[in-house]
Amino acid sequence: MLRRFLLRASPQLRSSLSIASPPSLHRSSSPSRSFSSSPESTGSNFVEQLEDAIADTPPPSAKIAIDRSGLCNPPEHSHEPSSDSELVKHLKSIIKFRGGPITVAEYMEEVLTNPKAGFYINRDVFGAEGDFITSPEVSQMFGEMIGVWAMCLWEQMGKPSKVNLVELGPGRGTLMADLLRGTSKFKNFTESLHVHLVECSPALQKLQYCALKCQNKNDTAGNVEEHITSTLKGAQVSWHATLEQVPTGSPTIIIAHEFYDALPVHQFQRASHGWREKMIDVAEDSRFRFVLSPQPTPSILYLMKRLKWANNEEIAKLQQVEVCPKSMDLTQTIADRIGSDGGGALIIDYGMNSTVSDSLQAIRKHKFVDILDNPGTADLSAYVDFPAIKHSAEEASENVSVHGPITQSQLLGSLGINFRVEALMEKCTDEQAESIRTGYWRLVGDGEAPFWEGPEDLVPIGMGTRYLATVIVNKKQGVPIPFQ
Ligand SMILES: C[S@@+](CC[C@H](N)C(=O)[O-])C[C@H]1O[C@@H](n2cnc3c(N)ncnc32)[C@H](O)[C@@H]1O
């Protein structure tokens with residue numbers, strides 16, 4: 001495996017790999033965020049079929065309850081158990097006052113990012129003590145390789161002296177810290193950067209501030225918030241709630257790792273009378289339950305849009321479809337910006353290169369749990385629909401091109417992770433070597449690590465083929481490394 005990747009890395013990348021020494025070789029060995037099952041990817045001239053939303057379709061195959069009476073007459077919740085969390089009470093009150101169920105997307109958005117009690121808002125959810133682990137937390141090599149990609153893109157952009165480096169959903173800030181440290185020898189690159197972190201969680205913003213070893217500097221008016229720099233290499237750092245808030249007008253490099261999978265999805269199911277949206281309601285026993293909307297909902301327009309991009313054969317096979325309007329909107333914003341300001345976006349996530357059918361999952365403390373169980377205490381995520389990203393970007397701007405997806409294993413292999421492994425192995429202890437080897441497997445391997453001799457429940461599961469990478473770049477810059 002190692003040799004295969006060594007052969008793949010291009011010679012021009014080797015020079016980029018003389019990366020600064022690592023602060024620590026050991027990262028958490030807890031299980032990664034992984035898959036409960038493979039969704040079906042299956043599908044026709046759908047738009048016509050949707051016009052009457054829609055006839056002659058097979059009966060629903062899912063296990064959800066269909067209770068239309070409850071849609072118009074939500075039960076009174078005066079008997080709610082007082083043990084309901086604030087978020088559960090909030091969700092139930094939305095359902096009650098709306099007089100009917102909410103969409104899966106509304107539920108997902110509240111559960112993850114409700115400003116008071118959302119899953120991400122008040123705590124650190126990563127690592128062995130948290131709920132799941134991501135690639136940057138597995139090994140420093142991940143952020144370092146993304147740094148190599150960003151630097152290569154910057155070269156292709158003509159080495160601009162001022163660049164916005166944006167990360168969407170930076171988590172603990174680990175990827176960005178490893179990127180900055182890894183590229184710190186390349187002064188022209190690092191000095192051009194203004195780092196922008198798009199993060200909704202105040203708790204995670206604080207962790208990011210620490211990870212980047214930030215300092216507040218007074219501006220001339222004495223406003224400490226005005227100017228924050230990372231002591232990792234002096235780049236100015238700013239935080240924003242949305243990408244729209246990041247200033248435009250300079251070339252931009254955007255990184256989105258495991259961000260798209262947290263964007264809310266709508267779920268649709270083929271019913272006897274056509275496509276219907278899956279909704280969430282409160283049952284008589286005061287628990288959440290799934291119901292099907294009796295009528296087409298407004299978000300069916302997004303389903304129509306998505307299925308225009310699928311072929312007839314694929315659509316014919318679909319019984320369920322997941323659609324993520326926020327992913328389409330975000331991609332359009334990215335494409336508009338890159339089309340006019342120059343630069344590129346790298347999107348890495350677990351997902352599919354086809355329509356996604358039914359992938360929403362909940363993970364708490366490294367275990368899959370019921371999506372409706374104790375919302376706000378488990379992560380919710382859905383497979384990323386890569387064709388939707390490609391089509392959204394291409395529709396938004398004629399100045400961008402989209403490449404990929406390729407697997408994470410191909411991406412990191414081509415960027416030279418094997419050379420980095422060798423360099424790290426040269427000066428490390430046996431224990432560190434084991435950690436590097438395990439981290440390497442988790443980033444680029446596939447399935448369970450064959451070499452593992454540790455406890456069975458800790459066997460590293462490779463993320464190499466389950467995670468995909470795609471780029472959106474300004475056409476003028478040509479095809480970016482390593483998507484040629
Ligand atoms: C799954 S975590 C990924 C973290 C990090 N990229 C990593 O790989 O370790 C998702 C991140 O996106 C942030 N996030 C989720 N939804 C967001 C939203 N709508 N706006 C801004 N940030 C969001 C979360 O707070 C978190 O930092």
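Lys365 sits in the loop that links strand E13 (361-364) to strand E14 (367-369). In this predicted model, Lys365 has a phi near 45°, a positive value in a residue other than glycine. That's worth a second look, since most residues other than glycine have a negative phi. How buried or exposed is Lys365? Lys365 counts as partly exposed because it has 13 C-beta neighbours inside 10 Å, and the cut-off for buried is 20 or more.

Asn374 tells a similar story a little further along. Its place is the loop between E14 and strand E15 (379-381), and its phi, near 40°, is positive too, again in a residue other than glycine. With 17 other C-beta atoms within 10 Å, Asn374 is partly exposed.

The backbone also has a couple of cis peptide bonds, although most peptide bonds are trans. One runs from Gly404 to Pro405, with omega near 5°, and Pro405 is found in strand E17. Another joins Ile481 and Pro482, where omega is about -5°; Pro482 belongs to the segment after E20.

Strands E17 and E20 turn up again around helix H15. This helix spans residues 386-396 and is mostly covered, with eight of its 11 residues buried. Those buried residues are Phe386, Pro387, Ala388, Ile389, Lys390, Ser392, Ala393 and Ala396, so a lysine and a serine are on the list along with the alanines. What does the covering? The elements over the buried residues of H15 include helix H12 (300-308) and helix H14 (325-341), plus strands E12 (343-352), E16 (384-385), E17 (400-407) and E20 (467-474). Zooming out, the protein has 18 helices and 20 strands, and 49% of its 484 residues count as buried.

Now for the ligand. The shell around it holds 18 residues, and the closest are Tyr120, Thr134, Gly169, Gly171 and Cys200. By class, that shell has nine nonpolar, six polar and three charged residues. Helix H6 (104-113) and helix H7 (135-138) each supply at least two residues of the shell.

As for confidence, the mean pLDDT of the protein is 85, and 81% of its residues reach 70 or more. Over residues 34-77, however, the pLDDT is below 50, and this stretch has 92 contacts in the model beyond near neighbours in sequence. Residues 1-26 also stay under 50, with 47 contacts beyond four places in sequence.

Key. Residues numbered from 1 in each chain as written. Predicted model: local features only at pLDDT ≥ 70, side-chain atom pairs only at ≥ 80, totals over all residues. Near = placed C-beta within 6 Å. Helix = DSSP H or I, 4+ residues; strand = E, 2+ residues; numbered from the N terminus. Nonpolar A, V, L, I, M, F, W, Y, C, P; charged D, E, K, R; others polar. pLDDT = per-residue confidence, 0-100. Contact = placed C-beta atoms within 7 Å. Buried ≥ 20, exposed ≤ 12 C-beta atoms within 10 Å, placed from the backbone.
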